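Hi everyone, thanks for coming. I have one structure to walk you through today, so let me put it on the screen and we can go around it together.

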Amino acid sequence: MSQAKTTSRDDPSSSDAPSEGAPRRRAGPGRPEGTSHVRDAILDAAEVEFAALGYAGTSLRNVAERANVTQALINYYFGSKNGLFEEVFLRRGRQIADDRLQRLDALRRSGKPLSVPDIVHAFLRPALSMRETDGGRTFMRLHARLHTEPPEISYKLRNQAYDESTRAYADALREALPHLSERDVYWRITLMIGAYLYAFSDTHRLEEMARGVCNPDDPEEIMTAISSFVTAGMVAPAPTVPESPPKPAAPKKRKPKVTKAGATTA
C-alpha cells in the first residue's frame, strides 16, 4: 500500500510554496501583492492631491481613496506623509535635474564656446518637456507651490533635487558672462527659476489678460517667449551698485530747562 504524499508549508519543494519571482501572498493589511504598479499609482494620486491642496491640506486618507488602496499600504511603501511627499517631488525633480546636467555636458563636449542662449535653453527645456508628459503638468503646479511649504520641507527637497545642477549652470553662466560677479549670476538664475515656475504652472493669468493672443498650451511659443526674456536679462550689463545714502545725523539732545523753583523739564 503506497503512502500518501504529504506537503508542508515549511517544505520549499511543496507545490504550494511560491516559486521564485512569483507574486507574494498577502501577509496582512497593507502588504503588497506581487509586482504591480501600485506604488506608482500612489505617487500619481499623491501628486494630484499635493499640487491641489499643498502639504498641510493633503491627507493620506484622500490619497488612499484616489489611488484605491489602503492607508496601510501607503505607510508600507513610504512610511509617512512626509516620506510620501519627498518621493513625489524627487521622482520628477531628479529627472529634470539629470536632463539638465546631460544637456550641459553635451554643450561642453561640442567644442564650441558656451553661449548664453544655449545655456538658458538647456536649463529650461527639461522642465518644459516634463510639463508635456502625463502627470508632468501636475508636477509643475506642485513645484511652483513648493516655495510656500514650510522651510523644513522645501529647503531639503530643493537641495536634494537641484543643488548640483543649478550650481553647474551657475559655473557655466559665469564662464559665458565674465562681466558679471558671482552675486549677479546667482540673482539672475534665481529670477529665471521664478519666471519659468510661474509660466509653467498654469496660473491661467495670461489667458485672462491676452485672450486669443497668447497660447500658453503651445510649448514652442512658451519656450521662445521665456528664453528670449531670460537671455536678455542674463546678458544685461552688470548693475551699478548705488552708493549708500549718508546716515542722518543723530538729533541733538535738548538740554533740560531749569525753572525758577529749581525743577527741570525735559
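Let's begin with Asn68, which counts as exposed at 71% relative accessibility. One thing to keep in mind as we go: this is a predicted model. Now, where does Asn68 lie? Asn68 is in the loop between α2, residues 60-67, and α3, residues 71-78. Look at its backbone, too: Asn68 is not a glycine, and yet its phi is positive, about 60 degrees. As a reminder, most residues other than glycine have a negative phi.

That loop brings us to an annotation. UniProt, in an unreviewed entry, places a "DNA-binding region" at residues 59-78. In the model, the chain over residues 59-78 is 80% helix and 0% strand. The C-alpha atoms at the two ends of that stretch are 14 Å apart.

Let me step back to the whole chain for a moment. The protein has 10 helices and 2 strands, and if you follow the elements from the N terminus, they run α-α-α-α-α-α-α-α-α-α-β-β. Of the 266 residues, 35% are buried. The accessible surface comes to about 17,300 Å², and carbon and sulfur atoms account for 53% of that. If you take contacts between residues at least 6 apart in sequence, 71% of them join residues at least 24 apart.

Two residues give us a good look at such contacts. Phe89 first, please: you'll find Phe89 in helix α4, residues 81-109. Is Phe89 buried or exposed? Its relative accessible area is 0%, so Phe89 is buried. Leaving out residues up to four places away in sequence, Phe89 touches Phe139, His143, Leu146, Leu157, Ala161 and Tyr162. There is also Glu47, 42 residues away along the chain, whose C-alpha atom is 8.0 Å from that of Phe89.

The second one is Val116, in helix α5, which covers residues 116-131. Val116 has a relative accessible area of 6% and is therefore buried too. Which residues does Val116 touch, not counting those up to four places away in sequence? They are Ala176, Leu177, Thr231, Met234 and Val235. The C-alpha atoms of Val116 and Glu175 are separated by 9.6 Å, with their positions 59 residues apart along the chain.

Now for the pockets. The largest pocket has a volume of about 450 Å³. It has 17 lining residues, and closest to its centre are His147, Arg158, Tyr162, Thr166 and Ile193. You may recall Tyr162 as one of the residues that Phe89 touches. Helices α7, residues 151-176, and α8, residues 182-200, each supply at least two residues of the lining of this pocket. By class, the lining has 7 nonpolar, 6 polar and 4 charged residues.

The second largest pocket has a volume of about 370 Å³. Its lining counts 20 residues, with Tyr198, Ala199, Leu206, Pro216 and Ile222 nearest the centre. Two or more lining residues come from each of α8, α9 (205-209) and α10 (219-235). Here the classes split into 10 nonpolar, 3 polar and 7 charged residues.

That's my tour, and I'm happy to turn the model around again for anyone who would like another look.

How values were computed: Residues are numbered from 1 along each chain as its sequence is written. This is a predicted model: local features need pLDDT of at least 70, side-chain atom pairs count only at pLDDT 80 or more; totals for chains, interfaces and linings use all residues. Side-chain values use heavy atoms; hydrogens and water are left out. On a 1 Å grid over the protein atoms alone, a cavity is a set of points where a 1.4 Å probe fits but cannot get out, and a pocket is an open set with protein on both sides within 12 Å along at least five of seven lines; lining residues have an atom within 4 Å of a point. Grid points are joined across faces, edges and corners, and a volume is the space filled by probe spheres set on the points. Helices (H or I, at least four residues) and strands (E, at least two) are DSSP runs, numbered from the N terminus. Ala, Val, Leu, Ile, Met, Phe, Trp, Tyr, Cys and Pro count as nonpolar, Asp, Glu, Lys and Arg as charged, and the others, Gly among them, as polar. UniProt positions are given in the numbering used here, feature names are shortened, and annotations may be inferred rather than shown by experiment. Buried means under 20% relative accessible area, exposed over 50%, partly exposed in between (1.4 Å probe, protein chains only). Contact means heavy atoms within 4.5 Å. Accessible areas come from the Shrake-Rupley method with a 1.4 Å probe; for residues, only the protein chains shown count as cover.
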